[in-house]
Each structure stands twice: as C-alpha cells, then as structure tokens.
Amino acid sequence: MKVGIIGTGVFSTSIAITLASNKDNEIIMWSENKKLVEDFKKTKKLNTIFKDRSIPKNIKVTNEYQEAIDEVELVFLVTGVEYLESVCKDLKKIIDPDIPVCIATKGLATTSKKLNYEIGQKILKNKVSIIAGPTFAIDVANLEPIGFTLASKDKKGKEIIKKAFDFKDLYIEDSVDLTGVAICGCVKNIYAIGSGIINGLGNHESTQAFYLKAVYEELSNVLYAYKSCLETLNSLAGFGDLILTCSSNKSRNYSYGELIGKKGNKKEAKKFLEKNTVEGVNTVNAMYHILKKKHVKCPIINTIYEILNNDLKPQKLIDVLISKND
C-alpha cells in the first residue's frame with residue numbers, strides 16, 4: 001500500500017517507521033523543510049528528527065504536496081494543530097476526495113477553538129478518522145508493543161488504516177466517538193502539567209495516585225458535557241493516554257509542570273517553553289473559557305489555568321484535591 005504522511009516531526013516519522021515495518025507499504029512523507037529533504041536524499045537519515053538513525057528503505061521524503069499524495073490509498077496528517085487548517089486548505093485543491101484521511105495530530109486549535117477532526121471535516125471532502133492513545137514517539141519508532149484508539153464513522157477508511165498498520169505488536173481499538181477521543185487528546189496535556197506540578201512540589205506516588213483519581217472523575221464531567229461516552233473515558237485514548245502523559249518526564253507537559261512546582265516561579269519554566277513545544281499551555285487557555293461557557297465543573301483545569309496565568313501558588317493544586325473530598 002502507498003501511504004502519504006503530511007509532516008516530518010518526531011511523531012509523524014515514528015508512524016512512518018511503524019508503517020514501513022510492513023515491507024509491502026511504500027511511505028512518502030511531506031516536509032516544508034527543503035534542507036531536511038536534501039539531506040535525506042544524500043544520507044537516507046533524518047538527523048534533525050532521529051539523530052544518526054537509518055530510516056527504512058521504503059520511506060521517501062518530498063517537499064511537494066502532489067508527490068506526497070500521488071496514487072496513495074491513505075493519507076495521514078501529523079502536523080502541529082495550529083498548522084492543520086492551512087495544510088487542509090492546501091490539500092483540498094489536489095487530493096482525491098475518495099482517499100481516507102487519518103489525523104494523528106492532537107490538541108485544540110487555539111484561534112478557531114476547533115478540534116482536529118472538526119478542522120478536517122470542515123475543509124476537506126474526504127472521510128476523516130483520528131488516532132490517539134498512550135504512545136510516546138520514541139516507543140512507536142522502536143516498534144515496541146503499543147495500542148491506540150481509532151475513531152471514525154467511516155467503515156471503509158477504518159479497514160484501510162488497519163490494513164496499513166500490519167504490525168504484529170500493535171493493538172487497534174475501535175471507536176465512533178470522534179469528539180470524545182479528540183477531547184481526551186487535548187485535556188490530557190493540561191492534566192500532565194498538573195501532574196508535573198505535584199511532583200515538582202516534592203510529592204510522591206501516593207499523592208500522584210490521589211491526583212489521577214480526581215482527574216479521572218473530572219475528565220468524565222468534561223466528556224459528559226461533550227455528550228461523549230464512558231467507553232471513551234476508559235479507552236486507550238482516554239484513561240490510557242492520561243496515565244502515560246501524567247506519569248513520565250518524557251512528556252514535555254509533565255516536565256514543564258515539574259519546573260513550575262519546583263521553582264514556585266516561571267523563570268526556568270519560561271526558558272523551557274522557549275526551547276520546547278508544550279501543547280497544554282495553549283490548550284488550557286482555550287479550554288478554560290470553553291468549559292466555563294458550558295458550565296462544566298472542572299476545578300483542576302481551572303486551578304492549572306490560574307497557576308499558569310494569574311500567579312496562583314502551585315500548592316493550591318493540592319488544596320483543590322483536598323477540598324474536593326470535604
């Protein structure tokens with residue numbers, strides 16, 4: 001199968017490597033970075049993504065959209081969520097509307113306040129699916145046993161996506177709840193910042209477990225407000241991704257929160273933001289106002305918002321956990 005991937009970031013490259021483990025697949029990735037493509041053609045490596053790592057021979061890279069989608073059976077969109085709208089507009093001009101599109105980008109577009117699949121469905125004529133789950137890019141690239149949720153109402157598209165991922169150590173969980181899966185992919189980054197704050201304050205596993213139990217309850221309120229379902233809360237995209245992102249310093253959101261908790265100020269955290277993309281920072285600013293309008297009870301998200309934006313002391317996050325049980 002020929003598969004096009006729009007994006008050459010760490011996660012998109014990891015997906016490409018997983019797809020390439022099926023030797024019958026031909027993967028072609030699009031990048032706007034001309035130097036990256038030129039270097040790849042010479043070295044067959046993506047040193048800016050995975051330093052000194054050889055890329056499978058059935059992966060190619062191009063700067064041309066048309067080349068990336070020419071005669072493909074499936075297209076993955078794995079760009080930053082803020083670029084997703086412009087990418088979809090560019091693709092709309094040239095992509096065959098019968099080709100299924102799978103979005104692996106997580107997050108909320110902070111300007112339009114739209115979820116990933118909403119952007120795709122609004123602009124493209126293609127059927128849109130999304131994937132999400134507890135998957136750090138490096139683990140995906142190393143072909144470790146993983147699982148994710150595939151959310152779609154397109155039966156044919158699901159079959160094609162599953163066929164492309166013909167990898168024995170990959171579990172794919174079905175869902176039709178596009179909204180719920182997309183929301184989980186947004187808010188887990190917010191909660192990961194909170195988890196980092198708790199660790200940065202010097203608390204240990206027992207407090208983290210206390211926090212995660214409260215987060216699980218709050219996430220159920222958020223999903224209920226979006227008319228989502230319990231299955232999504234308990235899915236790989238829900239509970240699974242929440243556990244992963246909130247428990248590891250491989251998560252940039254967790255690491256950022258840890259700095260906030262340790263320092264009690266934003267100096268080191270600001271330096272971290274200058275060097276890293278921390279999706280939860282923009283997402284909490286958007287979700288705070290969205291959930292407030294929906295009258296959703298979410299004191300943890302509200303407290304993280306106040307800590308990041310209004311100099312509320314990080315310790316207040318602990319106070320909120322205690323007060324929830326009064």
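**Cavities in the predicted model**

Counting enclosed spaces of 30 Å³ or more, we get two cavities. Please keep in mind that this is a predicted model. As background, rolling a probe the size of a water molecule over the atoms shows where empty space is left.

I will take the largest cavity first. The space in it comes to about 100 Å³. Its lining is made up of 13 residues, and those closest to the centre are Phe11, Ile15, Ile131, Thr135 and Phe148. Which elements give two or more residues to this lining? They are helix H1, residues 10–20, and two strands, E8 at 128–132 and E9 at 146–151. H1 has the largest share, with three residues. As for the character of the lining of the largest cavity, nine residues are nonpolar, three are polar and one is charged.

Now the second largest cavity. Here the space is about 30 Å³. What lines it? Going along the chain, we have Thr105, Lys106 and Asn116, then Ile130, Ile131 and Ala132, and finally Val181, Ala182 and Gly185. At least two residues of this lining come from strand E8, and at least two from helix H8, which covers 178–200. By class, the lining of the second largest cavity has five nonpolar residues, three polar and one charged.

One point connects the two parts of this talk. Strand E8 gives two or more residues to the lining of the largest cavity, and E8 also supplies at least two to the lining of the second largest. Ile131 is among the residues closest to the centre of the largest cavity, and Ile131 also lines the second largest.

Note on methods
Residues are numbered from 1 along each chain as its sequence is written. This is a predicted model: local features need pLDDT of at least 70, side-chain atom pairs count only at pLDDT 80 or more; totals for chains, interfaces and linings use all residues. Side-chain values use heavy atoms; hydrogens and water are left out. On a 1 Å grid over the protein atoms alone, a cavity is a set of points where a 1.4 Å probe fits but cannot get out, and a pocket is an open set with protein on both sides within 12 Å along at least five of seven lines; lining residues have an atom within 4 Å of a point. Grid points are joined across faces, edges and corners, and a volume is the space filled by probe spheres set on the points. Helices (H or I, at least four residues) and strands (E, at least two) are DSSP runs, numbered from the N terminus. Ala, Val, Leu, Ile, Met, Phe, Trp, Tyr, Cys and Pro count as nonpolar, Asp, Glu, Lys and Arg as charged, and the others, Gly among them, as polar.
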